[in-house]
Each structure stands twice: as structure tokens, then as C-alpha cells.
Amino acid sequence: MQPIEFENGAVQIDAAIVAEGLGLTPALLQREMRAGRVTSLAERGIDADSGRHRLTFFSEHRRFRVVVDDTGAILQRSSVDFGHSGLPKSVHRTSG
């Protein structure tokens with residue numbers, strides 16, 4: 001598998017990329033996702049951002065975002081750690 005692939009309208013991303021961005025091990029990421037404590041949001045660009053996709057992942061204290069093109073090439077990645085205060089509700093999505 002490529003690090004990021006598109007298949008039938010779904011996005012698949014290597015768990016190691018998300019785990020690193022959220023500061024977790026891949027095994028812990030998997031457990032947190034199953035428990036609903038790590039959520040995600042996938043957005044497709046329009047107009048000037050056509051051909052780009054923004055994938056955002058949320059954990060209790062971190063937000064990780066990766067922007068990719070239609071081939072799955074990573075164009076940008078960013079991670080924000082909100083420390084002990086936790087993720088503000090204004091930047092957290094419950095599903096995606």
C-alpha cells in the first residue's frame with residue numbers, strides 16, 4: 001500500500017503516518033480509534049483547492065492534519081498539541 005491511497009471514494013492512509021502525527025504508537029492509535037477517542041474528518045478541495053484533500057485526525061490532546069493531492073502525495077502536514085488543557089471543542093469533530 002502507498003502511504004495514502006484513494007479507492008472508490010474512500011481514503012486509506014498508513015496508520016504509522018497518523019500515529020506519528022498524533023504522538024501515538026500504531027497499536028495505541030488502533031485502540032483509540034476503536035474506542036472512539038481518535039476521530040477523523042476528510043475534506044475534498046474545491047475551486048482553487050481542487051485536486052487536494054485535507055485529512056484531519058483528532059485525539060484528546062492533539063490535532064494532526066495532512067493535505068494531499070489526487071495521487072496521494074503529501075503536500076503539507078501539521079500537528080498541534082494542546083497539552084493538558086485538551087483539544088478545544090471548536091477544533092474537534094466527532095466523525096468524518
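This is a guided tour of the structure above, moving from the sheet to the helix, the core and the charged pairs.

The model is predicted, so local features are given only where pLDDT is at least 70 and side-chain atom pairs count only at pLDDT 80 or more, while totals for chains, interfaces and linings use all residues. Residues are numbered from 1 along each chain as its sequence is written, and side-chain values use heavy atoms, with hydrogens and water left out.

**The sheet**

Begin by selecting residues 39–44 and 74–81, which are β3 and β6, the edge strands that each pair on one side only. They belong to an open sheet of 4 strands in the order β3-β4-β5-β6, with antiparallel pairing. Strands here are DSSP runs of E with at least two residues, helices are runs of H or I with at least four residues, and both are numbered from the N terminus; two strands pair if DSSP finds at least two bridges between them. From one strand to the next the twist averages 10°, where axes are lines fitted to C-alpha atoms, for helices over the stretch in contact, and angles run from 0 to 180 degrees between N-to-C directions.

Add residues 52–58 to the selection to show strand β4, which pairs with β3 in the antiparallel sense over 6 bridges. Within that pairing, serine 40 has phenylalanine 57 of β4 as its bridge partner.

**The helix across the sheet**

Next select residues 15–22, helix α1, which lies across β4, β5 (62–69) and β6 and runs at about 140° to β5. At the N-terminal end of α1, aspartate 14 acts as a cap, with a side-chain oxygen 2.8 Å from the backbone nitrogen of alanine 16. Just after α1, glycine 23 takes a positive phi of about 75°.

Colouring by accessibility will pick out Ile17, Val18, Ala19, Gly21 and Leu22 as buried residues of α1, where buried means under 20% relative accessible area, exposed over 50%, and partly exposed in between, with a 1.4 Å probe and protein chains only. Their cover includes β2 (10–13), α2 (26–34), β4, β5 and β6.

**The core**

Which residues touch the most other members of the largest nonpolar core? Select Ile13, Leu22, Phe57 and Val66, which do so among its 13 residues; a nonpolar core is a set of buried Ala, Val, Leu, Ile, Met, Phe, Trp, Tyr and Cys residues joined through side-chain atoms within 4.5 Å. At least two residues of this core come from each of α1, β4 and β5, and α1 gives the largest share, 4 residues.

Now centre the view on phenylalanine 57, whose contacts (heavy atoms within 4.5 Å), leaving aside neighbours within four places in sequence, include Ile13, Val18, Leu22 and Phe64.

**The charged pairs**

Finish with the 3 salt bridges of the structure, each being a side-chain nitrogen of Lys or Arg within 4 Å of a carboxyl oxygen of Asp or Glu. Select arginine 37 and glutamate 32, whose side chains meet at 3.0 Å, N to O; arginine 37 is partly exposed at 47% relative accessible area, whereas glutamate 32 counts as buried at 18%.

Glutamate 43 and arginine 54 come next, with their closest N and O atoms 2.8 Å apart. Glutamate 43 lies in strand β3 and arginine 54 in strand β4, so this pair ties together parts that are 11 residues apart in sequence.

The last stop is aspartate 81 with arginine 62, where the closest N and O atoms are 3.4 Å apart. This pair links distant parts of the chain, from strand β6 to strand β5, 19 residues apart.

Notes
A polar contact is a pair of N or O atoms within 3.5 Å; within protein, one must be able to donate a hydrogen and the other to accept it, and residues adjacent in sequence count only if both atoms are side-chain atoms.
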